[in-house]
Structure formats: C-alpha cells, structure tokens
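Student: I am new to this structure. Please take a close look at one part of it, a pair of packed helices and what surrounds them.

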Amino acid sequence: MKYDTILVLDFGGQYCHLIGRRIRENGVYSEIVLHDIKIEEIRLLGKKFKVKGLVLSGGPASVFDPYALKPDKRIFDLGLPVLGLCYGHQLIAHIFGGKVGPAKRKEFGSTYATINKPVGVLRGLNRKERVWMSHSDTVFAVPPEFDVLAYTQNCPVAAFKHKTKSIYGLQWHPEVAHTVNGAKMLRNFIFEVCGCTANWKMENVIDRMVKEVKREVGNGKAIIALSGGIDSSVATTIAAKALGEKLTAVFVDHGFMRENEPEFVKGTFQKLEINLVIVNAQEIFFERLKGVTDPEMKRKIIGEEFIRVFEEVAEKVGAEYLIQGTIYPDRIESGFRRFSDKIKTHHNVAGLPTKIKFKKIVEPLRDLYKDEVRKVAQMIGLPKEIVFRQPFPGPGLAVRVMGEVTREKVEIVRKADRIVGEELEKSGLKERLWQYFAVLTNTKATGVKGDARAYGYVVAIRAVESREAMTASFARIPHKILEKISTRITSEIPEIVRVVYDITHKPPATIEWE
C-alpha cells in the first residue's frame with residue numbers, strides 16, 4: 001500500500017522537520033527532501049509513495065544572497081499543490097517575478113494578520129488571526145498571476161495564491177504553536193488542497209526502526225547509551241527487540257544526574273532483562289570541566305568523555321556499533337544539516353569527537369520528536385514512570401550550572417531542582433508542563449537571613465509548555481506555588497538568597513539555559 005505523502009523541501013530552516021511532524025500528526029506521511037530535488041527524483045519517489053503536495057520550508061538566508069538556496073523551477077509544472085512558508089513564500093514570489101526586499105520593520109514573534117480572502121489554505125479562518133513571524137525580508141508585491149490573501153501591519157503580502165494553480169505562500173509559520181490556527185491552515189493544505197487520505201500510522205515507524213537496527217548492526221554487537229530518559233529508554237527497547245543478547249546498555253554516572261537517578265535506572269532496566277553496565281565516571285568528568293565556563297566547550301568535553309567511556313565498555317564486550325537515542329530537536333539545534341544555523345551543540349550530535357573507534361553510530365529515533373517518542377514508548381509497553389518522565393539533557397546538571405562546574409554548585413542545583421519538582425508535582429500541574437527545573441546562575445546577590453546580611457547565589461526557575469520541544473511557551477505558574485518554591489529553596493539551601501522566574505518563550509530562548 002502506498003501512503004499519501006507530502007514532500008517538505010528543506011531550505012535550512014530550524015522548523016523544517018516540525019512541518020513534517022505536523023503533517024504526520026494528521027495521519028499523512030511526510031518525507032523531508034533536499035531543497036533542489038529534481039522532478040525526476042520526485043517521480044521516482046512516486047513508485048514508493050503517492051506524492052500529493054510539496055511544502056517549501058523556511059530558511060536563514062535571503063533570496064538575494066549570492067548562495068541563496070533555490071528549488072528546481074520545474075517543480076511548479078508538476079501539477080502538485082505547493083505551499084511556501086516564510087523563506088519558501090518569498091522564494092515563490094521571487095521566482096514568479098514579484099517584488100521582494102528587506103522589510104521596513106522586521107517581524108519576530110506574534111502579530112495579527114488580516115485575512116481578506118479566506119480561500120484554500122486560509123479557508124474557514126477569522127478576519128484577524130494571530131500568527132507567528134520570523135523574517136527580515138518581505139514580499140511587497142505579488143506577480144500578476146497571483147492574488148494577495150492576507151497582510152499584517154508591517155507586511156503588505158503576508159499570504160498569496162496563484163490565480164489558476166494550487167500554489168500558496170504564507171509569510172508566517174503555521175507549524176509553530178504560537179500561530180493560533182496554524183494546525184487548521186496545514187489541515188486545509190493537506191486535505192482540502194492536496195486531497196490526502198490519512199492512511200499512515202505510528203506502528204509503521206516502530207517496525208521500520210527495528211528493521212533498521214538489525215540491518216545496520218547485522219551479525220555484530222552493539223552498545224547503547226542509556227541515560228534513563230525517555231529517548232534513550234525507547235532506543236534501548238527498540239535495539240533490544242532487534243539485537244537481543246547482542247546488545248549491552250551502558251549507563252554513565254558522570255555526577256550531573258538528578259537526585260537518585262542512578263538507582264532509578266538500575267532498578268528499572270534490570271527488571272526489563274537487558275544487559276546493563278553502570279560506569280561511575282564522576283572523577284574524570286569533573287576533572288575535565290575544571291575552569292571551563294563556555295557552554296559549547298562543556299558540551300563538547302562531555303560528549304568526548306561519553307564516547308571514551310563507551311569505547312572502553314565496547315572493547316570489553318566486543319561491540320563495534322554504538323546506538324544513541326538522539327531525536328530530531330537534538331540534531332536540528334546542533335546545525336547538523338548543511339545549511340541550517342547551529343543554535344547549540346548537543347553532546348550526542350555535534351559534541352561528539354571527530355575520531356571514534358566505532359564502525360558506526362546508529363540513531364533509530366533521529367527523525368522523531370519528543371511527543372512521537374512518547375507515543376512509541378506507550379506502544380512498546382514501557383513503564384509509566386519512563387513514558388512520562390521529564391526531558392533531561394544528556395550533559396545533565398552541568399548545563400544547568402552557569403559558569404564553571406564544581407561539585408558544590410552541582411549539589412546546590414540538584415537540591416533546588418528536587419524542590420521545584422516536588423512542589424510542581426504536588427500542585428497537580430505536572431500533566432500540562434513539558435519541562436520544569438532550576439538553573440544555578442553565576443550571579444550572586446545580597447540578601448538577609450536570620451537578621452544578618454547574606455551574600456549568595458541567584459537561582460532561576462524554568463517551566464515551559466510545549467508539544468515537541470522545537471517551540472515552547474513559559475508556563476504561567478500561580479504566584480502561590482512560585483512563592484512556596486522560592487521560600488523552600490532559600491530556606492533549605494543556605495547558599496541561595498534569591499530566586500527568579502524565567503518568562504521567556506522558545507524562541508527567542510531555548511528551553512535549557514546553556
């Protein structure tokens with residue numbers, strides 16, 4: 001059976017795979033392809049899928065840059081519906097002869113679009129729609145064969161449509177949660193414009209991942225990096241299904257884990273009858289991070305040390321392959337694609353050393369988002385305490401300590417993190433929060449404790465709501481709960497005198513501070 005499929009042409013935008021993710025949420029398969037895919041290649045894909053439409057992603061460049069990415073113009077003659085988003089929107093206008101140029105006022109963040117022609121992609125929407133923008137260039141005039149569908153205060157052509165073909169452009173990002181009716185816009189494109197049928201299921205992904213691990217490792221042995229978080233736990237279970245006794249799971253205790261984390265991992269995975277090796281490597285990790293304050297350097301050092309530990313274990317058990325639970329947001333933020341901008345290095349992606357003794361690193365979850373991983377976890381029967389665990393960075397508390405990482409600082413933030421977790425979980429807010437934690441800043445402030453002057457650390461609390469971690473909104477935690485958290489932290493941890501709450505969305509921030 002061929003799946004109805006929409007191809008997403010990748011122009012290096014940070015949300016390229018998020019577009020693909022949104023399409024799949026609707027039960028329609030999506031495939032990310034190179035920006036300059038040839039029509040011959042699209043026709044070849046047609047042997048495997050029913051290609052029903054194309055989406056041109058956003059991107060960090062300007063259409064006027066000397067090395068600006070351009071599509072094969074012949075894709076517009078295939079008779080397939082096309083939707084350009086942000087950079088893709090500008091590209092379509094530019095290719096067909098419209099007027100594109102630097103915006104008089106750049107738009108970053110939420111704004112309101114006025115929809116004067118609610119047709120096609122915009123069918124059924126309100127006259128005023130809250131949308132999310134992120135652009136420096138803008139379309140000032142459409143080509144003669146196009147109609148303007150919407151505008152904003154600073155963008156005269158915020159949406160357009162070809163008069164006779166199903167070619168649309170949106171300057172805003174319907175794929176991000178901050179565009180209120182973005183999901184409806186994409187559904188309009190998928191089902192109304194492209195005429196897709198929802199015939200793709202997550203079960204197909206599980207089968208594909210198991211087969212991939214079997215194929216990649218073959219008759220060899222592999223070790224898998226197991227942190228106890230949902231990503232590595234799902235990857236471990238998938239790899240165990242594929243390899244059985246040929247797999248060894250390795251948990252590295254680098255000293256930056258949450259309270260009681262090593263005990264939790266040991267207890268959970270020994271029940272699942274998986275070969276498990278626990279390595280205490282705290283001394284070497286703390287030693288390597290002495291004097292290091294740059295967050296990128298921290299991640300790279302941690303990434304390198306992880307690999308060295310894995311290499312040692314692999315040599316002992318005779319494994320030649322390393323499996324990781326890397327998911328798509330890790331890769332996209334590390335700028336893994338040729339034309340995407342690096343936001344920060346992830347220890348298991350760009351933080352890896354260039355010389356590695358393994359034959360290959362296998363990443364079965366590499367194209368999945370966190371919420372998709374959760375669905376897989378439920379489908380393969382992982383315990384609830386794993387399925388609904390909060391995301392936790394591989395470098396652990398080392399990237400929640402601003403500045404140099406020391407044992408004292410890690411212990412302070414570990415205690416603060418426990419308090420944040422306890423209070424938010426008691427409050428009943430856990431279910432709607434994506435992530436919540438404490439950050440030890442490298443700022444000190446004056447306070448008063450016991451009628452005497454105190455001079456200590458400032459801790460920041462971060463709590464966000466999200467669907468897939470590519471975008472997030474700060475959580476509006478009731479003041480009484482924040483007050484309880486603040487009071488407990490400053491009372492129970494002598495080194496802290498001040499607590500602040502982070503009210504920054506992603507973007508412009510990332511979820512973690514480093």
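Tutor: What follows starts with the helix pair and then turns to a helix that the pair helps to cover. This is a predicted model, in which local features need pLDDT of at least 70 and side-chain atom pairs count only at pLDDT 80 or more, while totals for chains, interfaces and linings use all residues. Residues are numbered from 1 along each chain as its sequence is written, and side-chain values use heavy atoms, with hydrogens and water left out.

Helices here are DSSP runs (H or I, at least four residues), numbered from the N terminus. Helix H5 covers residues 203–217 and helix H6 residues 230–243; their axes (lines fitted to C-alpha atoms over the stretch in contact, with angles from 0 to 180 degrees between N-to-C directions) come within 8 Å and cross at roughly 60 degrees. H5 and H6 are therefore oblique to each other, a class left over once angles under 35 degrees (roughly parallel), over 145 (roughly antiparallel) and 65 to 115 (roughly perpendicular) are set aside.

In contact terms (heavy atoms within 4.5 Å), Ile206, Met209, Val210, Val213, Lys214 and Val217 of H5 meet Ile238, Ala239, Lys241, Ala242 and Leu243 of H6. Of the residues in this contact, 9 are nonpolar, none polar and 2 charged, where nonpolar takes in Ala, Val, Leu, Ile, Met, Phe, Trp, Tyr, Cys and Pro, charged takes in Asp, Glu, Lys and Arg, and polar the others, Gly among them.

Both H5 and H6 are among the elements covering the buried residues of H11, as are helix H1 (16–25) and helix H12 (384–387). Helix H11 (residues 370–379) has 7 of its 10 residues buried, so it is largely enclosed by the rest of the structure; buried means under 20% relative accessible area, exposed over 50% and partly exposed in between, with a 1.4 Å probe and protein chains only. Those buried residues include Lys370, Asp371, Glu372 and Arg374, along with Val373, Val376 and Ala377. After H11 comes glycine 381, with a positive phi near 85 degrees.

Definitions and conventions:
Helix = DSSP H or I, 4+ residues; strand = E, 2+ residues; numbered from the N terminus.
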